[in-house]
Amino acid sequence: MNMSKYDRMVELNRERSDEKVTAASEAVRKLVENSDKVTIPKLMKMTGLSRGFFYKNPVVRQLIDDVVERQAGMVDPRRSILNMAMDNRIELLQQQVADLKRENDILKKENQKLQKALNKKSLNIIKSL
């Protein structure tokens, strides 16, 4: 089966792209293994790939974002402490919101009862006239 020139070109481009992704992934892995901070300039130097490649290729971009996020937690232990404090604060605020919603429902029901009682009283006053 003969491949057209276009099909062959597309196949070669896909192979080159796969090779670039592999090279980038390998460079990221090496940096992580050596406990080096993963940065785009370091990856460019290690692989010879362009800055744009690291930002535009979705697979490589996601890999870098994941590693950088993990490294940020390791580099700055205060971050995990802040995250725990914020999680606790969020939980407290969510509890307060739930309490206020319950209180609001109770007050709405009470208000309806009082409105009905007031309407009955007004009706009785009108009838007695």
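Biologist: Where does N57 lie?
Modeller: This is a predicted model, so keep that in mind as we go. Follow the chain to the stretch that links two helices, and you'll find N57 there. It's the loop between α3 and α4.

Biologist: Is N57 buried or exposed?
Modeller: A residue needs under 20% relative accessible area to count as buried. N57 has a relative accessible area of 13%, so N57 is buried.

Biologist: Which residues does N57 touch, leaving out those up to four places away in sequence?
Modeller: Contact here means heavy atoms within 4.5 Å. Setting aside residues up to four places away in sequence, N57 touches S17, V21 and G52.

Biologist: How many Å is the backbone nitrogen of V60 from a polar atom of the side chain of N57?
Modeller: For a polar contact, the N or O atoms have to be within 3.5 Å. Here the side chain of N57 offers a polar atom to the backbone nitrogen of V60, and the separation is 3.0 Å.

Biologist: Which helix gives the most to the largest nonpolar core?
Modeller: That core has 14 residues, and V60 is among those with the most contacts inside it, along with V38, L43, F53, F54 and I64. At least two residues each come from α1, α2 (40-47), α3 (51-56) and α4. With five residues, the top contributor to this core is α1.

Biologist: Which residues does F53 touch, again leaving out those up to four places away in sequence?
Modeller: F53 is one of the core residues with the most contacts inside it. Beyond four places in sequence, F53 touches K20, V21, A24 and V60.

Biologist: Is Q71 buried or exposed?
Modeller: Q71 sits in helix α4, which covers residues 58-75. Not counting residues up to four places away in sequence, Q71 touches V32, D36, K37 and V38. Its relative accessibility is 10%, and under 20% is the cut-off, so Q71 counts as buried.

Biologist: What does V10 count as: buried, exposed or partly exposed?
Modeller: V10 is in helix α1, residues 5-33. Together with Y6 and M9, V10 makes a nonpolar surface patch of about 320 Å². Its relative accessibility is 39%, so V10 counts as partly exposed.

Biologist: How many Å separate the C-alpha atoms of L100 and E33?
Modeller: L100 is in helix α5, residues 77-128, and L100 is exposed, with a relative accessible area of 54%. Along the chain, L100 and E33 are 67 residues apart, and their C-alpha atoms are separated by 50 Å.

Conventions: Residues numbered from 1 in each chain as written. Predicted model: local features only at pLDDT ≥ 70, side-chain atom pairs only at ≥ 80, totals over all residues. Heavy atoms only, no water. Patch = residues over 30% accessible without salt bridge, like charges linked within 9 Å, V, L, I, M, F, W, Y side chains within 5 Å. Areas by Shrake-Rupley, 256 points an atom, 1.4 Å probe, with all protein chains shown as cover. Salt bridge = Lys/Arg side-chain N within 4 Å of Asp/Glu carboxyl O. Helix = DSSP H or I, 4+ residues; strand = E, 2+ residues; numbered from the N terminus. Buried < 20%, exposed > 50% of the residue type's maximum accessible area, 1.4 Å probe, protein only. Core = buried A, V, L, I, M, F, W, Y, C linked by side-chain atoms within 4.5 Å. Polar contact = N/O pair within 3.5 Å; in protein donor to acceptor, adjacent residues only side chain to side chain.
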